[in-house]
Every structure is written in structure tokens, then in C-alpha cells.
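User: I have a model open and would like to go through its architecture with you. Could we begin with the sheets and then turn to the helices and a few individual residues?
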Amino acid sequence: MRLKDTGYTAEQIKEKASKYMIETYERFDFVAETAKDQYIYDDKGGAYLDFYAGIAVNSAGNCNEKVVAAIKEQAEELIHTFNYPYTIPQALLAEKVCNAIGMDKIFYQNSGTEANEAMIKMARKYGIENYGPNRYHIVTAKMGFHGRTFGAMSATGQPGNGCQIGFGPMTYGFSYAPYNDLQAFKDACTENTIAIMIEPVQGEGGVHPATMEFMKGLRKFCDENDMLLLLDEVQTGWCRTGAVMSYMNYGIKPDIVSMAKALGGGMPIGAICAREEVAKAFTAGSHGTTFGGHPVSCAAALAQVGELLDRDLAGNAKKMGDYFASLLEKLPHVKEVRHQGLLVGVEFDDTISGVEVKHGCIDRHLLITAIGAHTIRMVPPLIITEADCDKAASIIEEAVKALS
């Protein structure tokens with residue numbers, strides 16, 4: 001929908017949003033009207049270099065032509081039917097996803113937090129049915145983030161943070177250990193622990209990749225103790241980190257993995273994939289969803305996954321991630337650059353506010369986000385070029401210099 005077709009001005013649209021919407025977001029002060037590839041355009045045609053990508057969603061580019069065509073074609077044939085009849089996009093996507101990432105079974109959801117809820121439920125049910133009524137405990141990482149529904153929020157190892165404050169007691173059955181500390185994870189497990197659940201790269205926690213020793217050690221420890229390894233790849237999955245899934249960077253495989261964001265190319269979809277033995281925990285009536293596996297979302301995802309794989313955007317993510325990081329390391333006031341592929345975090349020294357850098361970049365038409373006091377995070381479309389990286393780094397440098 002274009003602003004000119006509504007009869008309203010941009011300011012009137014902002015006023016309507018302020019009047020009628022429950023706002024929990026810090027809004028960027030422009031109306032996003034159109035988008036293409038690595039750019040978003042406002043109602044005046046102003047171009048913003050998009051290093052946010054809808055929070056790691058538009059990985060094959062904004063309004064990717066093949067994704068848009070798939071959405072249009074499917075919407076003309078079948079929009080929604082629930083999950084009793086078979087649908088073609090569901091079945092084709094299931095085959096493509098499972099074969100691409102080496103997993104056995106898939107269950108569709110609508111978002112990342114729902115995918116993590118399903119993963120938690122599957123692990124707990126598997127543990128109780130196979131090992132007894134007390135085998136439901138899960139250890140997660142401090143400073144992790146798994147979503148905003150109650151199970152996923154409770155699994156988020158940030159007690160007292162913004163997403164937990166004011167909602168009362170969290171769901172029982174979780175313990176937390178420091179990320180990348182293998183011994184601490186082992187110590188946090190008890191005879192009732194059924195799973196360890198982590199992100200391969202902590203995104204909201206400041207862009208901290210797992211070490212090889214940590215990831216391989218968790219896999220070995222879980223195998224030795226009849227426990228499941230659950231990986232939250234909602235943000236890291238589908239070529240973001242230089243591999244199709246981040247766990248492939250470590251040469252291991254999880255028992256269950258969650259995904260969302262980049263999977264749908266802009267349409268809402270989430271999923272979990274599991275080993276066949278573990279997937280058997282879900283039986284008729286044990287879990288369900290009205291919209292999960294939505295035909296239009298699955299058609300979009302089928303086109304999106306095809307683009308990501310056929311164009312080797314994992315390879316481009318690795319190449320451009322290394323190049324972009326090399327530029328960022330040279331900027332003033334940079335304390336550390338952390339990245340895996342094109343999931344990139346820049347931590348500045350104590351004199352520079354990450355939020356102020358973010359606002360400075362937005363003013364200069366570069367879209368990024370900030371984490372914590374001194375860190376910015378970037379998750380651009382995986383189609384970006386060296387020229388895009390050069391431009392983004394130059395804008396960040398301008399924003400930092402303006403503050404210092």
C-alpha cells in the first residue's frame with residue numbers, strides 16, 4: 001500500500017499508530033513504504049541501506065522476486081485450510097528443509113518463539129515418556145534469548161531483564177549456566193536434566209559465537225548422559241552464519257533445532273526439525289497449531305530456501321562477513337568486533353553509546369540496531385556486496401566520530 005493511495009500524510013499515519021496501537025517498540029521516524037534487495041524506501045523515495053533485514057528475515061533480499069511470485073501464485077489457489085488435508089507447499093518444503101540440513105522430521109509453527117516452545121515441549125515429553133516423570137529439566141545459557149512466550153521467556157537466561165519483569169513466576173524447570181563454559185553446563189545438570197538448549201551464536205546477548213570446544217563438548221556430554229542437545233537457530237539458521245545452519249560450522253548435529261526468521265523470506269513461519277526417535281514424542285493431540293504450515297507461508301519459504309541454497313548465500317555471508325568485520329575493526333573507539341558470517345556485533349569502548357551510534361546511523365540512512373550499552377548489531381541481507389559494506393562502515397564511522 002502506497003501513502004499516495006490512502007489520502008493520508010506520513011504524519012497522519014504516525015498519529016494513527018500512536019493513537020490506536022499498543023506500542024512496545026522504539027520506532028524509526030519514517031514510514032517504510034517499499035523495499036527492494038538491500039534497501040528500504042520511505043514515502044518520499046528516500047533510500048535506507050538495510051543492515052537490519054527485518055531482524056535477519058529478508059536474507060535473500062527485500063521483496064525477493066521469486067518469493068513474491070510464489071506468494072501471489074499460492075494466494076490465488078489456496079490461502080488457508082488448517083492441517084487436516086495435505087497441502088503441496090507443506091510437503092515440498094518439508095522434504096527440502098530436512099534434506100538440506102540433515103534432519104528427519106519437521107513440525108511447522110508461526111514464529112521463532114513458537115518454534116522454541118515446541119522444542120521445549122517435545123524435549124520434556126520425550127524425557128518423561130522415556131525416563132520417568134521427573135526427567136524434564138533443561139539447562140540454558142545465561143544472557144541467551146529464546147523468545148517472549150512463557151516457556152521461551154523462562155528459558156531465556158536473563159532473570160530480571162526487560163522481557164521477564166512484571167509477568168510473575170517463570171515456568172519451572174530451567175537452570176542457567178554461563179555461555180561457552182562447558183564445565184559450568186555439566187555442573188548445572190542433574191539426574192532430572194533431559195536437555196541442554198543454547199543458541200550457536202548469542203544474538204541478543206551481544207553476538208557471541210560458541211567456541212568449537214564448547215559446542216563439541218556439549219554434544220559429547222549429551223550423548224554420554226542420555227540427554228538431548230537443543231539448538232535455537234531462529235536467528236542463525238538458513239545461511240546467516242556462513243553455513244546453511246550454524247551447527248554445520250561445528251561439525252555436529254542437534255537432536256532438535258528451531259528455526260524461523262529467514263526461513264519465510266518475509267512471511268511468518270517457524271519450525272522445528274528433529275531426529276525421528278525424538279520426534280515420536282509428538283503424537284495426535286499432543287501439540288497443534290491453526291496457522292502453522294500455512295500454505296502461503298510454506299510457498300514463500302520454499303522459494304526463499306531455494307534462493308538461499310541455489311545462490312550459495314551462505315558462501316557470500318562468510319565472505320562478506322569477514323570483509324565487513326575487517327573494515328569495522330579499523331573504526332575509532334572499537335573495543336571488539338564479533339561475528340559469524342553476517343551476524344555481526346561491534347562493541348565500542350565506554351565512551352561510545354551503542355544506542356546513539358544506532359540513531360546516528362539511522363539519521364544517515366543506515367538501518368542497524370543496538371544491544372546493551374555499547375554494542376551495535378547488524379544482520380543485513382545475505383546478497384550484500386563489498387560496496388555495501390564499504391558504505392555501511394563509512395556511515396558508522398561518521399556516526400561514531402560525531403559522538404566523540
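Analyst: Certainly. Please keep in mind that this is a predicted model.

User: Fine. What is the strand order in the sheet of seven strands?
Analyst: The order is E4-E12-E11-E10-E7-E5-E6, in an open sheet with mixed pairing. The edges are taken by strand E4 (105-109) and E6; each has a single partner strand, so one side of each lacks a neighbour in the sheet. From one strand to the next, the twist averages 20°.

User: Which helix packs on that sheet, touching E7 and E10?
Analyst: That is helix H8, residues 212-224. The direction of H8 makes about 165° with that of E7.

User: Let us look at E5. Is it mostly covered or open?
Analyst: Strand E5, residues 137-141, is mostly covered, as five of its five residues are buried. His137, Val139 and Ala141 point one way, while Ile138 and Thr140 point the other way. In a regular strand, side chains alternate between the two faces of the sheet.

User: In which sense does E5 pair with E7, and with E6?
Analyst: E5 pairs with strand E7 (residues 193-198) in the parallel sense, over four bridges. With strand E6 (residues 174-177), E5 also pairs in the parallel sense over four bridges. Ile138 is a useful landmark here: it stands opposite Ala195 in E7 and opposite Phe174 in E6.

User: Now the sheet of four strands. What is its order?
Analyst: The strands of this open sheet follow the order E13-E14-E17-E16, and the pairing is antiparallel. Strand E13 (334-340) and strand E16 (369-371) are at the edges with a single partner strand each, so one side of each is left without a neighbour in the sheet. Ignoring direction, neighbouring strands here are turned by 25° against each other on average.

User: How many bridges join E13 to E14?
Analyst: Six bridges join E13 to strand E14 (residues 343-348), and the two run antiparallel. Within this pair, Val337 has Val346 in E14 as its bridge partner.

User: Which strands do H11 and H12 meet?
Analyst: Helix H11 (residues 313-328) lies across E13, E14 and strand E17 (375-378), running at about 175° to E13. Helix H12 (residues 354-363) packs on the sheet and touches E14, E16 and E17. The direction of H12 makes about 180° with that of E16.

User: Changing topic: how do H4 and H10 cross?
Analyst: The axes of helix H4 (residues 88-101) and helix H10 (residues 295-310) come within 9 Å and cross at roughly 35°. H4 passes H10 in a left-handed crossing.

User: Which residues make the contact?
Analyst: On the H4 side they are Pro89, Gln90, Leu92, Leu93, Lys96 and Ala100. H10 contributes Pro295, Cys298, Ala299, Ala301, Leu302, Val305, Gly306 and Leu309. By class, this contact has 11 nonpolar, two polar and one charged residues.

User: And the cysteines? How many disulfides are there?
Analyst: The count comes to zero disulfides, where a pair of cysteine sulfur atoms must lie within 2.5 Å to qualify.

User: Why is Cys98 not bonded to Cys273?
Analyst: The two sulfurs are 4.4 Å apart, which is too far for a bond, although Cys273 holds the closest cysteine sulfur to that of Cys98.

User: Is Cys98 buried or exposed, and what about Cys163?
Analyst: Cys98 counts as buried, at 8% relative accessibility. Cys163 is buried as well, with a relative accessible area of 8%.

User: Last topic, the backbone. What is the phi of Phe82, and what is that of Trp238?
Analyst: Some background may help: most residues other than glycine have a negative phi. Phi of Phe82 is near 70°, a positive value, and Trp238 has a positive phi of about 65°.

User: Where are these two residues found?
Analyst: Phe82 is in the loop between helix H3 (65-77) and H4. Trp238 is in the loop between strand E10 (228-232) and strand E11 (256-259).

User: Are they buried or exposed?
Analyst: Phe82 is partly exposed, with a relative accessible area of 30%. Trp238 is buried, with a relative accessible area of 0%.

How values were computed. Residues are numbered from 1 along each chain as its sequence is written. This is a predicted model: local features need pLDDT of at least 70, side-chain atom pairs count only at pLDDT 80 or more; totals for chains, interfaces and linings use all residues. Side-chain values use heavy atoms; hydrogens and water are left out. Axes are lines fitted to C-alpha atoms, for helices over the stretch in contact, and angles run from 0 to 180 degrees between N-to-C directions. A crossing is left-handed if the near helix is turned anticlockwise from the far one by less than a right angle, and right-handed if clockwise. Contact means heavy atoms within 4.5 Å. Ala, Val, Leu, Ile, Met, Phe, Trp, Tyr, Cys and Pro count as nonpolar, Asp, Glu, Lys and Arg as charged, and the others, Gly among them, as polar. Buried means under 20% relative accessible area, exposed over 50%, partly exposed in between (1.4 Å probe, protein chains only). Two strands pair if DSSP finds at least two bridges between them.
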